[in-house]
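Please find below my notes on this model, set out as numbered points to be read alongside the sequence and the coordinates.

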Amino acid sequence: MKVNIELDMTPDEARRLMGLPDVAAMQERMAKEIERRLKAALDSSDPAAMLRAWFPAGGDTMEQFQRFWSNLDSGAAKRAKR
């Protein structure tokens, strides 16, 4: 037996039906805080401050990402030679 139920509701109504929390206010506060931090970093004209605002893990994030791809590429090249 197969039963199909179709519900016509807004995303907000679906969220409440499933018992999920309303995070719209939190998202708005977070967006304002991110905007404030980025604007402060841009106003300071300090590239290091901008990177810290954009990449909280530090400047090593991009280097780690590049190392990841480099290691992946060199590993694939070694396997291809075999």
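1. Serine 45, which comes just after H2, takes a positive phi of about 55 degrees. This is a predicted model, and the backbone angle at serine 45 should be read with that origin in mind.

2. The helix that precedes serine 45 is H2, spanning 24–44. H2 has 21 residues and reaches 30 Å from its first C-alpha to its last, which is close to the 30 Å expected at 1.5 Å a residue.

3. Two of the salt bridges within H2 involve glutamate 33, whose partners are arginine 36 and arginine 37. The closest N and O atoms are 2.6 Å apart in the pair with arginine 36 and 2.9 Å apart in the pair with arginine 37. Glutamate 33 and arginine 36 are three residues apart in the helix, and therefore about one helical turn separates them; arginine 37 lies four residues from glutamate 33, again about one turn of the helix.

4. How exposed are the residues in these H2 pairs? Glutamate 33 counts as partly exposed because its relative accessibility is 26%, and arginine 36, at 49%, also counts as partly exposed. Arginine 37 has a relative accessible area of 52% and is therefore exposed, the cut-off for that class being over 50%.

5. Salt bridges that share partners also join Asp12, Arg15 and Arg16 into one network. Within this network, aspartate 12 pairs with arginine 15, and the closest N and O atoms of that bridge are 2.4 Å apart. Both residues belong to helix H1, and because they are three residues apart, about one helical turn lies between them.

6. Is arginine 15 buried or exposed? Arginine 15 is buried, because its relative accessible area is 17% and the class takes in values under 20%. Its partner aspartate 12, by contrast, counts as partly exposed at 35% relative accessibility. A search of the whole structure finds four salt bridges.

7. The surface also carries a nonpolar patch, formed by Met1, Val3, Ile5, Leu7, Met9, Leu17, Met18 and Leu20, which together have about 980 Å² of accessible area. One of these residues, leucine 20, lies in the loop between helix H1 (11–18) and helix H2 (24–44), and at 45% relative accessibility leucine 20 counts as partly exposed.

Key. Residues numbered from 1 in each chain as written. Predicted model: local features only at pLDDT ≥ 70, side-chain atom pairs only at ≥ 80, totals over all residues. Heavy atoms only, no water. Patch = residues over 30% accessible without salt bridge, like charges linked within 9 Å, V, L, I, M, F, W, Y side chains within 5 Å. Areas by Shrake-Rupley, 256 points an atom, 1.4 Å probe, with all protein chains shown as cover. Salt bridge = Lys/Arg side-chain N within 4 Å of Asp/Glu carboxyl O. Helix = DSSP H or I, 4+ residues; strand = E, 2+ residues; numbered from the N terminus. Buried < 20%, exposed > 50% of the residue type's maximum accessible area, 1.4 Å probe, protein only. Expected span 1.5 Å × (residues − 1).
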